[in-house]
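The following exercises concern helix packing, sheet topology and pocket linings. Each task is followed by a solution in steps.

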Amino acid sequence: MRRTWSDAADFQAFIDEGGMVEPEDDMPAAYRDEVFRFIEFHANSELMGGLTERDWIPHSPGLRLKQIFLAKTQDEIGHAHLLYMVAADMGVKSRQEMLDDLFAGRSRFHNVFHYQAVTWADQIAIAYLVDAAAFASQRAVFAECSYGPYKRILKRIVAEEGFHMRHGEEMLLRMAEGTEVQHTMFQEALDRWWWPAVQLFGPDSDPADPLLAWKIKSQRNEVLRDAYIQKYVPLLQGYGFRIPDDGLRQDADGRWVTSPIDWEPLKATMRQGGPDSRRRIENAARNWADTAWVRDALDRSAAAAA
Amino acid sequence: MTAPTTPVASPGIVDAVRAALGSVDDPEYPDLSIVDLGLLETLTFDGGVARVGLIPTFGGCPALAMIESDVRAAVEAVEGVERCEVTWLRSPVWTTDRMTAAARRTLADDYTVVLRGPDGGLRCPVCGGDEVEDRSIAGPTRCRSIAWCPTCRNPVEVMRT
């Protein structure tokens, strides 16, 4: 069943016809490397996101929200686990190498996990705004996604992220309809998280980005970013919040246009130079070290059962 | 599962309520109904009030409040129903045996999620391989664990009982 392609054009024709690449296939090295890097980035982001949510479990107000944050943490860590399995199987790096690189600050993850969540309202801004941005970008990958094992995982991830978004909307509604203090708290969080959420989609896509041609990405970054802005500007304004962009305006067709985006903060996070990058990475590395005994106990119990 | 009963003669409404319940999907599986998942245990209708008894797949499931409000909205939209009361029952305990064949098919075909066979064995929903290995007792949700199919090299998730 192992498929081979005579050259890059032959492979591209296969992708263009909607072909799905499977692990056993003799895929071009460039495809393997790029898809691996993309999945590794996604896995790292799920892990870093899950650890952020974990930090807030004890601080969540009330049992029901603690339950929700516990479940979300389990979701994200579970997604990371699945993604690392598929990435490691591609034979570029082992799972341990990926984790070592992450904890040493040598690999990348989503910009939004390089910032500090200051108050509970930040956590709601993350659940409402950032999860929605991540959901939109993952859904766009799922829409085509030429790598079979990745597409199968994305099906479940997208379903679960949709569920997180409903939680985010519910929590936001409570702040929007709450006291003046709650309203102000969310506005301040929105001031901190609006631009990182918009920047999550990245700068305009390079037309030559091979991930577009190989149908890993189904949409250009700027298309996804614009759809997000058109949806969330009126929603947030409708709840009585102010978008932290003095240059925000509507064009003749009523479409929202933001001020020119400063991409420096995004670039800084890609060099681990974001406002909270260091603490986040150290926190993740410490967490991995602190939980070594759990993995050890599981390994011993599996060995004893065998 | 005890047969849903109605104490008064409004079979039409009970059927309509049951149909409405069948349209409520699990929030984590957008195309799987809670009825197919086996969450519906009791249903009665009396004096304009529909009483729905559900059982959770797992205690601590974060979707319960959402399912409850989705159920209430769907049932209260049925003509003749004034109010819907939802109760989460403590017994019987949910097991994968309560899932319908349709639910099992959707999980396997669309979500790469399988149930353990009667002998405890696992069959890969992607390639049919029977060498699926358990990898982690904890998956992304309370109700699933993680396995791996070495034949087609795909992760497989397993519904926990």
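**Exercise 1. The second largest pocket**

Identify the element that gives the largest share of the lining of the second largest pocket, and characterise that lining.

Solution. The model is a predicted one.

Step 1. The largest share comes from α2(A), with seven residues.

Step 2. The volume of this second largest pocket is about 910 Å³. Its lining comprises 32 residues, and those closest to the centre are Phe38(A), Phe41(A), Leu211(A), Lys217(A) and Met270(A).

Step 3. Two or more lining residues come from each of α2, α5, α9 (221-238) and α10 (264-270) of chain A.

Step 4. Sorted by class, the lining of the second largest pocket holds 13 nonpolar, 12 polar and seven charged residues.

**Exercise 2. The largest pocket**

State the volume of the largest pocket, and determine which elements of which chains contribute to its lining.

Solution.

Step 1. The volume of the largest pocket is about 1600 Å³.

Step 2. Its lining consists of 42 residues; nearest the centre lie Ile77(A), His81(A) and Leu298(A) from chain A, together with Ser136(B) and Ala138(B) from chain B.

Step 3. The elements of chain A that supply two or more residues are α2 (29-55), α3 (63-89), α4 (95-103), α11 (277-290) and α12 (292-305), and those of chain B are β7 and β8. The largest share is that of α3(A), which provides 12 residues.

Step 4. The class composition of the lining of the largest pocket is 21 nonpolar, 12 polar and nine charged residues.

**Exercise 3. Two helix pairs in chain A**

Describe the packing of α5(A) against α7(A), and then that of α11(A) against α12(A).

Solution.

Step 1. Two packed helices are described by the angle between their axes and the distance between the axes.

Step 2. For α5 (residues 120-143) and α7 (residues 180-199) of chain A, the axes come within 8 Å and cross at roughly 35 degrees. The crossing of α5(A) and α7(A) is right-handed.

Step 3. Among the residues of α5(A) in this contact are Trp120(A), Ile124(A), Leu129(A) and Val130(A), while α7(A) contributes residues including Phe186(A), Leu190(A), Arg192(A) and Trp193(A). By class, the contact of α5(A) with α7(A) contains 15 nonpolar, no polar and two charged residues.

Step 4. For α11(A) and α12(A), the axes come within 4 Å and cross at roughly 35 degrees. Here Trp288(A), Ala289(A) and Asp290(A) of α11(A) meet Ala292(A), Trp293(A) and Arg295(A) of α12(A). This contact divides into four nonpolar, no polar and two charged residues.

**Exercise 4. Chain B and its four-stranded sheet**

Derive the strand order of the four-stranded open sheet in chain B, and locate the chain A helix that lies across β6, β8 and β9.

Solution.

Step 1. Chain B contains three helices and nine strands, arranged along the sequence as α-β-β-β-β-α-β-α-β-β-β-β. Its C-alpha atoms fill a box of roughly 55 × 25 × 25 Å along the principal axes.

Step 2. The order of the four strands in the open sheet is β6-β9-β8-β7, with mixed pairing. At the edges are β6 (113-114) and β7 (133-136) of chain B, each of which pairs on one side only.

Step 3. Strands β8 (residues 144-149) and β9 (residues 154-159) of chain B pair in the antiparallel sense over six bridges. Ser145(B) has Val158(B) in β9(B) as its bridge partner.

Step 4. The helix sought is α6 (residues 148-176) of chain A, which runs at about 40 degrees to β9(B).

Note on methods
Residues are numbered from 1 along each chain as its sequence is written. Chains are lettered from A and ligands numbered from 1 in the order in which they are written. This is a predicted model: local features need pLDDT of at least 70, side-chain atom pairs count only at pLDDT 80 or more; totals for chains, interfaces and linings use all residues. Side-chain values use heavy atoms; hydrogens and water are left out. Axes are lines fitted to C-alpha atoms, for helices over the stretch in contact, and angles run from 0 to 180 degrees between N-to-C directions. A crossing is left-handed if the near helix is turned anticlockwise from the far one by less than a right angle, and right-handed if clockwise. Contact means heavy atoms within 4.5 Å. Ala, Val, Leu, Ile, Met, Phe, Trp, Tyr, Cys and Pro count as nonpolar, Asp, Glu, Lys and Arg as charged, and the others, Gly among them, as polar. Two strands pair if DSSP finds at least two bridges between them. On a 1 Å grid over the protein atoms alone, a cavity is a set of points where a 1.4 Å probe fits but cannot get out, and a pocket is an open set with protein on both sides within 12 Å along at least five of seven lines; lining residues have an atom within 4 Å of a point. Grid points are joined across faces, edges and corners, and a volume is the space filled by probe spheres set on the points.
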